[in-house]
Amino acid sequence: MIGRLLVANRGEIARRVFRTCRALGVETVAVFADPDADAPHVAEADLAVRLPGALPADTYLDAGRIVAACRAAGADAVHPGYGFLSESAAFARAVLEAGLVWVGPPPGAIAAMGSKIEAKRLMAAAGVPVLPSLDLADPGEFPLLVKASAGGGGRGMRIVREAGELAGEVASARREALAAFGDPAVFAEPLWERARHVEVQVLADAHGTVWTLGERECSVQRRHQKVVEECPSPGVGAGLRERLCEAARRAAAAIGYVGAGTVEFLVQGDRVAFLEMNTRLQVEHPVTELVYGVDLVRLQLEVAEGAALPAGPPAPSGHAVEARLYAEDERYLPQAGVLRRFDVGGDVRVDAGVESGSVVPPYYDPMLAKVIAHGESRAAAIRKLVTALRRARLHGLTTNRDLLVRILTNPAFAAGDTHTGFLDPGGPVAPAAPEPVDALTALAAALALAAANRRRAPVLGGLPSGWRNVRSQPRGVAFAGIEVVYDPLPDGVTVVGATPERVVLERDGVRHAFDVARYGEDGPARDVTVYVDHPGGHAELTPLPRLPEPAEHVAPGSLLAPMPGGVLRVEVAPGDRVAKGQVVLVLEAMKMEHRITAPADGVVSGVHVETGRQVEAGAVLAIIQEGNP
């Protein structure tokens with residue numbers, strides 16, 4: 001029996017495993033890099049061991065340090081979570097050689113699937129349909145997809161549509177694969193466009209029983225990373241489901257699989273092709289848990305202890321949909337900093353790696369949480385999820401919440417017409433157009449600010465903010481992009497109540513309640529931010545100071561860092577001529593490469609960084625003088 005389990009991971013998955021451990025009475029051990037010292041997963045564990053450093057290679061990817069942490073904390077078992085070392089056969093062997101229980105498949109099975117190139121060969125031999133591999137030097141067809149052999153999650157993956165792009169994209173994919181997985185090997189396959197990404201959950205014990213727990217639809221992706229998943233797939237009927245499950249059983253049997261894993265496929269009409277097998281628990285496992293009524297982590301632990309599975313899995317019931325909540329902007333650029341408030345409620349399951357006040361560091365994946373809804377029907381589950389996301393209180397960092405709502409409320413999604421290009425330019429989900437803040441929402445923010453000013457007033461706090469014996473002009477607040485007058489009130493609007501935290505307004509006989517939060521009031525006036533949440537949505541407003549402070553001058557043509565990160569390489573020098581869209585430099589942030597391109601034709605008049613330098617968001621990277629100077 002497992003007595004004390006170390007989770008060789010961080011954030012949401014560490015907390016998820018700890019939750020099951022608490023229910024089973026298993027003691028828990030966390031490991032943490034320095035930026036995670038105050039993270040929720042560290043606080044929730046019974047014991048925690050520091051991994052000095054910040055970068056994944058020095059901490060969560062250092063197998064030796066993880067095994068040493070097990071010894072230091074007296075752990076007798078290791079759960080790898082997902083990502084990091086979860087699909088490292090060498091790590092699994094090190095754990096077993098240390099005399100510990102490995103909560104995962106045998107190292108041989110991991111090794112067999114660890115190289116996607118070798119995995120395809122094994123699957124083809126087992127009768128599982130696969131895509132052909134293309135010669136990277138002379139593929140013979142386009143478009144194609146370059147993929148990392150040693151990992152997934154969208155890292156080391158590039159779409160190539162023309163021969164002239166191939167060499168550069170392969171080099172970029174190799175660098176990213178090396179940074180994420182420690183292995184630069186990549187390969188290429190034909191690109192099936194408008195195909196579905198469907199995966200089958202498998203669970204096998206050491207006694208010969210193999211379960212398949214239906215399929216998950218994972219087609220909605222950005223940057224080749226899943227964003228919304230559901231179980232079952234709206235595009236898979238009974239016949240196709242049986243074909244997929246049989247192929248998954250063959251895949252597991254071919255490598256002597258034990259534990260939880262996922263076999264992924266591309267589906268285009270009646271065509272099916274094996275993509276990869278993930279020899280670990282998947283991020284999206286909760287949708288399967290809710291539909292089948294199981295705890296996959298508990299089953300993982302029991303299988304690791306030698307227990308036998310029942311002859312077959314439980315019957316499925318209902319439908320579940322999961323949305324991944326990321327700290328990123330509309331361009332999918334990751335965000336780092338303080339998450340002031342994190343509050344997601346409703347009839348949903350929330351698996352989160354953060355809480356209010358958490359610091360999101362720039363070194364790791366920017367996923368904050370998974371929000372999962374289960375209902376008797378697909379429509380019921382989607383409605384619950386949309387409501388929970390709309391009403392969530394998310395302050396301090398930009399998130400993809402609005403994108404998730406646009407996806408879930410899109411008619412094509414409602415019809416189940418999803419594919420891997422769903423979020424591509426020209427796809428069903430259009431980019432968000434900037435929307436002005438609703439006038440009533442802005443009025444609520446202004447009234448809350450006025451109430452806060454009166455609360456802080458040292459004398460005569462009962463008087464209205466800005467009160468004069470003889471009023472000479474309307475009273476209001478200027479926010480960035482909108483000016484609000486709250487005295488006199490707009491026609492048809494009355495104030496039912498106004499405090500710094502909550503404002504209730506009545507307009508044309510209908511009451512509207514707004515929750516208001518303010519941050520940065522102890523610092524410079526330009527740093528104050530007001531968040532307004534209400535049942536219909538949310539808004540973020542920046543009050544403009546009455547006496548603006550001098551602003552730092554930024555030279556015209558400056559290219560600013562869109563996020564904190566490291567300069568991976570600089571591709572220009574002062575005096576170089578550049579064309580619009582040309583890559584000027586490449587940043588690496590949260591294990592992904594981000595290309596910084598020239599906004600227009602011009603000449604590089606200055607480069608302010610060098611390879612290897614760490615930069616903060618907003619730092620000047622280079623300056624492009626437009627035109628033909």
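Helices and strands here are DSSP runs, at least four residues long for a helix (H or I) and at least two for a strand (E), and they are numbered from the N terminus. With that in hand, P474 can be placed in the loop between helix 14 (439–456) and strand 21. The model shown in these views is predicted.

**View A. The whole protein has 14 helices and 35 strands.**
The radius of gyration is 27 Å, close to the 25 Å that the globule rule gives for 629 residues, so the protein is as compact as a globular protein of that length. Along the principal axes, the C-alpha trace spans about 90 × 60 × 50 Å. Of the 629 residues, 52% are buried. Take the contacts between residues at least 6 apart in sequence: 62% of them join residues at least 24 apart.

**View B. Five strands line up as an open, parallel sheet.**
Reading across the sheet, the order of the strands is 3-2-1-4-5. Strand 3 and strand 5 (101–102) stand at the edges with a single partner strand each, so one side of each has no neighbour in the sheet. Strand 1 (residues 4–7) runs parallel to strand 4, and three bridges join the two. Which residue of strand 4 stands opposite L6? Look for V78.

**View C. Y60 and F84 form a stacked aromatic pair.**
A pair of aromatic rings is described by the distance of the centres and the angle of the planes. The model has five aromatic pairs. In the pair of Y60 and F84, the centres are 5.1 Å apart and the planes make an angle of 25°. These two residues are 24 residues apart and link distant parts of the chain. Y60 comes from the loop between strand 3 (47–51) and helix 3 (63–73), while F84 comes from the loop between strand 4 (77–79) and helix 4 (89–97). Are Y60 and F84 buried or exposed? Both are buried. Ring pairs also bring in Y363 and Y364, giving a cluster with Y60 and F84.

**View D. Helix 11 (residues 378–391) packs against several neighbours.**
Helix 11 has 14 residues and reaches 20 Å from its first C-alpha to its last, close to the 20 Å expected at 1.5 Å a residue. An α-helix has 3.6 residues a turn, so residues three or four places apart point the same way. The buried residues of helix 11 are R378, A380, A381, I382, L385, V386, A388 and L389. What do these buried residues pack against? Their neighbours are strand 11 (225–231), strand 14 (319–326), strand 19 (367–375), helix 12 (401–408) and helix 13 (411–414). R378 also lies over the face of F413, at 4.7 Å from the ring centre.

**View E. The charged end of R271 sits over the ring of W192.**
Find the centre of the W192 ring: the charged end of R271 is 4.0 Å from it.

**View F. Strand 21 and strand 22 make a hairpin.**
In a regular strand the side chains alternate between the two faces of the sheet. Strand 21 (residues 475–479) shows this alternation: R475, V477 and F479 point to one face and are buried, while G476 and A478 point to the other and are not buried. Strand 21 and strand 22 (residues 482–487) run antiparallel and are joined by five bridges. One residue to follow is R475, whose bridge partner in strand 22 is D487. Two residues lie between the strands of the hairpin, and G481 takes a positive phi near 95°.

**View G. Two prolines, P474 and P488, lie 14 residues apart along the chain.**
Their C-alpha atoms are separated by 6.4 Å. Leaving aside residues up to four places away in sequence, P474 touches V485, D487 and P488. P488 lies in the loop between strand 22 and strand 23 (493–498). The peptide bond joining D487 and P488 is cis, with omega of about 10°.

**View H. Look here for another cis peptide bond and two residues with a positive phi.**
Most residues other than glycine have a negative phi, and most peptide bonds are trans. The bond from F142 to P143 is cis, with omega near 0°; P143 sits in the loop between helix 6 (116–125) and strand 6 (144–148). R194, although not a glycine, has a positive phi of about 55°. R194 is in the loop between strand 8 (186–190) and strand 9 (196–204). At 56% relative accessibility, R194 counts as exposed, because the cut-off for exposed is over 50%. H224 is not a glycine either, and has a positive phi of about 65°. H224 lies in the loop between strand 10 (210–222) and strand 11, and its relative accessible area of 26% makes H224 partly exposed.

Note on methods. Residues are numbered from 1 along each chain as its sequence is written. This is a predicted model: local features need pLDDT of at least 70, side-chain atom pairs count only at pLDDT 80 or more; totals for chains, interfaces and linings use all residues. Side-chain values use heavy atoms; hydrogens and water are left out. The expected span of a helix is 1.5 Å times one less than its number of residues. Buried means under 20% relative accessible area, exposed over 50%, partly exposed in between (1.4 Å probe, protein chains only). Contact means heavy atoms within 4.5 Å. Rings of Phe, Tyr and Trp (its six-membered ring) pair if their centres lie within 6.5 Å; planes under 30 degrees apart count as stacked, over 60 as edge-to-face and the rest as tilted. A charge sits over a ring if NZ of Lys or CZ of Arg is within 6 Å of the ring centre and within 35 degrees of the ring normal. Two strands pair if DSSP finds at least two bridges between them. The radius of gyration is taken over C-alpha atoms; the globule rule is 2.2 Å times the number of residues to the power 0.38.
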